[in-house]
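Work through the exercises below with the sequence and the 3D structure open. Try each task before reading its solution.

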Amino acid sequence: MVQLSDTRPSGTTIPGQASTDLQARRSQHVARGLGITLPVFIDHAEGALLFDVDGNRFIDLASGIAVTSVGAAAPEVARRVAEQAARFTHTCFMVTEYAGYVDVAEALNRLTPGNHEKRTALFTTGAEAVENAVKIARTATGRSAVVVLDHAYHGRTLMTMTMTAKHTPYKRGFGPYAPEIYRVPVAYPFRYVGDEKQCAADALARVEEIVRIQIGEREVAAIVAEPILGEGGFIVPAHGFYAGLAAFAREHGIVFVADEIQTGFARTGRMFACEHEGVVPDLITTAKALGGGLPLSAVTGRAEIMDAVEPGGLGGTYAGNPVSCAAALAAIDIIESQDLVGKAAAIGEHVLPRLRALADRHPVIGDVRGRGAMLAMEFVEPGTTVPNPDAARAVAAACHADGVLVLVCGTFNNVIRLLPPLVIGTDLLDEALAVLEQALAA
Ligand code: PLZ
């Protein structure tokens, strides 16, 4: 057992004085609408550690939100970013070109599932990638409806906020929403009475019925779905559901879009999470870990679908920024050369049994789930499936007070998720788990 007194942050209180002073300035100058998980201001990072402006040290089990898989200060990313920035920071790929953009597109076409001919278009944010995937699917099919899942998260723009399931805080007051977005159930094993196979079959039958009766198969341009629903609570759909959804799309000429913005790039112990279910999507959206910490997103997919859009139809001033491309190429090199796919799988094998043991001891944990380094605990009223957001919040707060950064998520705000940088060492992981165990005991 790790001695917590030895591993406590070396600084003052959390938040310390310098963070508190900055917080006062923030309140005065920054819009109130931006939330905050832990009110400390970061000074620098080192591997899976974050250090704040008061000298407090945090073990990072968030990676931003699944962004810094290679660490938040990977020297190779920093070196290539600096080198690119010194050569040129921007030209706009639609005005004059640069090789980095093509290099990233080529890497994405190589790494994403399927051996078919592919094309990639780069953007800046995840929401922008999802939104462009919809535009591309609509052009390719000549149809307009978009089908999304219960508990889905796809972004904060008008289209992607509409595609997102949860009202508060993402939609409250922001309507009217985009038209032609339809929601169908997802196979959520913990909230289903019956076995996993039945769970998948039931949800699929409902999806097919809703699409047939309420929408019409031939009206649907795209089904957009996360292979593991991230913000919605790290829901791993019952085995067979995701593949069934993709097969249904194929049968009706619907473009199947895997939103791998949170799950992609080694996070789940495969390069892409849809590989766990044997699914080859028509289009795949990526962002977050792709850019190694710099803003970069992409849509990658079948050449005939991607190339349905006429020249000039896709783009954006900053889309595929050269500095972001340099960071992405460094991140991809690290992911491949340091076998972060294998590391993510090993993190899962190390942590999952510890979380399951915790669930056995603490009935407030109703479910433990996830894949690779994308792991979660769902908190409930003991012995029921009634969500217990207070318990999740209290455990997260206790972790924060002891220098471990975890995030709460879920439709019911009752899930603690673990998203460590994939380069984290076993020592830090064990130290963080000891803090989590202590937080639960308290
Ligand atoms: N699709 C699957 O997880 C971003 C949201 C943070 P952007 N998830 C973090 C917040 O509260 O704003 C996400 C995702 C999936 C799309 C997105 C959107 O990516 O880069 O935040 O636009």
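The exercises cover the ligand site, a pocket, two cavities, a salt bridge and some backbone details of this predicted model.

**Exercise 1. The ligand site**

Task: Find which residues come nearest to the ligand, and list the polar side-chain atoms close to its oxygen and nitrogen atoms.

Solution:
1. Start with the shell. Of the 14 residues around the ligand, Gly 126, Ala 127, Arg 156, Asp 259 and Gln 262 come nearest.
2. Sort the shell by class. It has four nonpolar, five polar and five charged residues.
3. Look at the ligand's oxygen atoms. A polar side-chain atom of Arg 156 lies 2.7 Å from an oxygen atom of the ligand, and one of Tyr 153 lies 3.3 Å from an oxygen atom.
4. Turn to nitrogen. An N or O atom in the side chain of Glu 231 is 3.4 Å from a nitrogen atom of the ligand.
5. End with the area. The ligand taken alone exposes 510 Å², and the protein buries 82% of that.

**Exercise 2. The second largest pocket**

Task: Describe the second largest pocket by volume and lining, and state which element gives the largest share of the lining.

Solution:
1. The volume of the second largest pocket is about 520 Å³.
2. Its lining consists of 23 residues, and those that lie nearest the centre are Phe 93, Tyr 101, Thr 120, Ala 121 and Leu 314.
3. Two or more lining residues come from each of α5 (99-111) and β4 (118-123).
4. The largest share, five residues, belongs to β4.
5. By class, this lining has 14 nonpolar, six polar and three charged residues.

**Exercise 3. The cavities**

Task: State how many cavities of 30 Å³ or more there are, and describe the largest and the second largest.

Solution:
1. The count of cavities of 30 Å³ or more is three.
2. The largest cavity has a volume of about 60 Å³. Among the residues that line the largest cavity are His 151, Tyr 153, Lys 166, Glu 231 and Thr 411.
3. Tyr 153 and Glu 231 also appear in the first exercise: Tyr 153 has a polar side-chain atom 3.3 Å from a ligand oxygen, and Glu 231 has a side-chain N or O atom 3.4 Å from a ligand nitrogen.
4. The second largest cavity holds about 40 Å³ of space. Its lining includes Thr 112, His 116, Lys 118, Asp 282 and Thr 300, and β9 (283-286) and β10 (297-302) each supply at least two of the lining residues.
5. Compare the classes. The lining of the largest cavity divides into four nonpolar, four polar and two charged residues; for the second largest cavity the division is four nonpolar, four polar and two charged.

**Exercise 4. A salt bridge across the sequence**

Task: Locate Arg 57 and Glu 431, and explain why their salt bridge ties together parts that are apart in sequence.

Solution:
1. The model has 18 salt bridges.
2. In one of them, the side chains of Arg 57 and Glu 431 meet at 3.0 Å, N to O.
3. Arg 57 is in strand β3 (residues 57-60) and Glu 431 is in helix α14 (residues 426-441), so the pair links parts 374 residues apart in sequence.

**Exercise 5. Backbone exceptions**

Task: Place the cis peptide bonds at Pro 15 and Pro 176, and the positive phi of Phe 234.

Solution:
1. Recall the background: most residues other than glycine have a negative phi, and most peptide bonds are trans.
2. Ile 14 and Pro 15 are joined by a cis peptide bond with omega of about -5°. Pro 15 sits in the loop between α1 (4-7) and α2 (17-29).
3. The bond from Gly 175 to Pro 176 is cis, with omega near 0°. Pro 176 is in the loop between α7 (158-163) and β6 (181-184).
4. Phe 234 has a positive phi, near 55°, and is in the loop between β7 (220-225) and α9 (241-251).

Technical notes: Residues are numbered from 1 along each chain as its sequence is written. This is a predicted model: local features need pLDDT of at least 70, side-chain atom pairs count only at pLDDT 80 or more; totals for chains, interfaces and linings use all residues. Side-chain values use heavy atoms; hydrogens and water are left out. On a 1 Å grid over the protein atoms alone, a cavity is a set of points where a 1.4 Å probe fits but cannot get out, and a pocket is an open set with protein on both sides within 12 Å along at least five of seven lines; lining residues have an atom within 4 Å of a point. Grid points are joined across faces, edges and corners, and a volume is the space filled by probe spheres set on the points. Helices (H or I, at least four residues) and strands (E, at least two) are DSSP runs, numbered from the N terminus. Ala, Val, Leu, Ile, Met, Phe, Trp, Tyr, Cys and Pro count as nonpolar, Asp, Glu, Lys and Arg as charged, and the others, Gly among them, as polar. A residue is near a molecule or strand if one of its heavy atoms lies within 4 Å of it. A polar contact is a pair of N or O atoms within 3.5 Å; within protein, one must be able to donate a hydrogen and the other to accept it, and residues adjacent in sequence count only if both atoms are side-chain atoms. Accessible areas come from the Shrake-Rupley method with a 1.4 Å probe; for residues, only the protein chains shown count as cover. A salt bridge is a side-chain nitrogen of Lys or Arg within 4 Å of a carboxyl oxygen of Asp or Glu.
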